[in-house]
Amino acid sequence: MPEKREEGIVSMQAQMLAPAAVLVVWTIIVLFWIIPPRFGSLSKADTSSLKGKEGSRGQDLEGVLPDKANWPAHNHTHLHEQPTLFYAVVLMITVLGPTGTDVMLAWAYVGLRIVHSLWQILVNKVGPRFVLFLLSTFVLIALAIRLLMITVFADPSALPQ
């Protein structure tokens, strides 16, 4: 049976990984959110510009489908950009031993990214969307600084004199 201290460490590690797991599931939800608006719009759209074109991609639907039908796909792409840094930071902090502050920051990041997704998919007014992006970026910066603190400054004697 693990010691009480070890149980606490494992519990805190799970708490640190939970926001990342939620963001993974959210990314999959957004992936499936792409299908209804795109297929619904494809049946009504003039797709003659795509005929005979081999290897068409989602971005080929820009200008063919209404903008709103492409918003979920745009957001899905965004969920594969900056959040990849979040996953790396979360994993490194988890290995090194997260604190309650780290967990809180991770949840704040995920919450802001989900709100950003909903805003982009449903409303897509750039001003508020940019504010949500900036806020989530500041939270990610805070997590990255925390990671630096627990790695680079973990043992001051290891720094060059």
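Biologist: In which helix is arginine 146 found?

Modeller: In this predicted model, arginine 146 is found in helix 6, and its contacts, leaving out residues up to four places away in sequence, are with Ile93, Gly97, Thr99 and Asp102.

Biologist: Why is arginine 146 called buried or exposed, whichever applies?

Modeller: Its relative accessible area is 17%, and the term buried is used for values under 20%, so arginine 146 is classed as buried.

Biologist: How much of the protein is buried, and what makes up its secondary structure?

Modeller: Buried residues account for 35% of the 161 residues, while the secondary structure consists of six helices and zero strands, which follow one another from the N terminus as α-α-α-α-α-α. Of the contacts between residues at least 6 apart in sequence, 77% join residues at least 24 apart.

Biologist: Which residues touch the most other members of the largest nonpolar core, and which helices supply the core?

Modeller: The core has 24 residues, and Met16, Leu23, Phe86, Ile93 and Leu143 are those that touch the most other members. Helix 1 (4–33), helix 4 (83–96), helix 5 (100–122) and helix 6 (126–151) each supply at least two of its residues, with helix 5 giving the most, eight residues. In soluble globular proteins, nonpolar side chains tend to be buried together.

Biologist: What is methionine 16 in contact with, leaving aside its neighbours within four places in sequence?

Modeller: Methionine 16 is in contact with Val90, Ile93, Thr94, Pro98, Asp102, Val103, Ala106 and Leu143.

Biologist: How do you know whether helix 5 and helix 6 are roughly parallel or roughly antiparallel?

Modeller: Their axes lie 9 Å apart and the helices pack at an angle of about 160°; angles over 145 degrees count as roughly antiparallel, and therefore helix 5 is roughly antiparallel to helix 6. The crossing of these two helices is left-handed. Among the residues that meet there are Asp102, Tyr109 and Trp119 in helix 5 and Phe133, Leu143 and Arg146 in helix 6, and the residues of this contact divide into 15 nonpolar, three polar and four charged.

Biologist: What makes helix 4 and helix 5 roughly parallel or roughly antiparallel?

Modeller: The axes of helix 4 and helix 5 come within 12 Å and cross at roughly 165°; set against the cut-off of 145 degrees, above which an angle counts as roughly antiparallel, this makes helix 4 roughly antiparallel to helix 5. Their crossing is left-handed. Pro83, Phe86, Val90 and Ile93 in helix 4 meet Asp102, Ala106, Tyr109, Val110 and Arg113 in helix 5, a contact that has seven nonpolar, no polar and two charged residues.

Biologist: Why is helix 3 called roughly parallel or roughly antiparallel to helix 5?

Modeller: Helix 3 (residues 67–78) and helix 5 have axes that come within 8 Å and cross at roughly 155°, and because angles over 145 degrees count as roughly antiparallel, helix 3 is given that description relative to helix 5. Helix 3 passes helix 5 in a right-handed crossing.

Biologist: Which residues meet where helix 3 and helix 5 are in contact, and how do they divide by class?

Modeller: Lys68, Trp71, Pro72, His74, Asn75 and His78 in helix 3 meet Arg113, His116, Ser117, Gln120, Ile121 and Leu122 in helix 5. The residues of this contact divide into four nonpolar, six polar and two charged.

Notes:
Residues numbered from 1 in each chain as written. Predicted model: local features only at pLDDT ≥ 70, side-chain atom pairs only at ≥ 80, totals over all residues. Heavy atoms only, no water. Core = buried A, V, L, I, M, F, W, Y, C linked by side-chain atoms within 4.5 Å. Buried < 20%, exposed > 50% of the residue type's maximum accessible area, 1.4 Å probe, protein only. Helix = DSSP H or I, 4+ residues; strand = E, 2+ residues; numbered from the N terminus. Contact = heavy atoms within 4.5 Å. Axes fitted to C-alpha atoms, helices over the stretch in contact; angles between N-to-C directions. Parallel < 35°, antiparallel > 145°, perpendicular 65-115°, else oblique. Left-handed = near helix turned anticlockwise from the far one by under 90°. Nonpolar A, V, L, I, M, F, W, Y, C, P; charged D, E, K, R; others polar.
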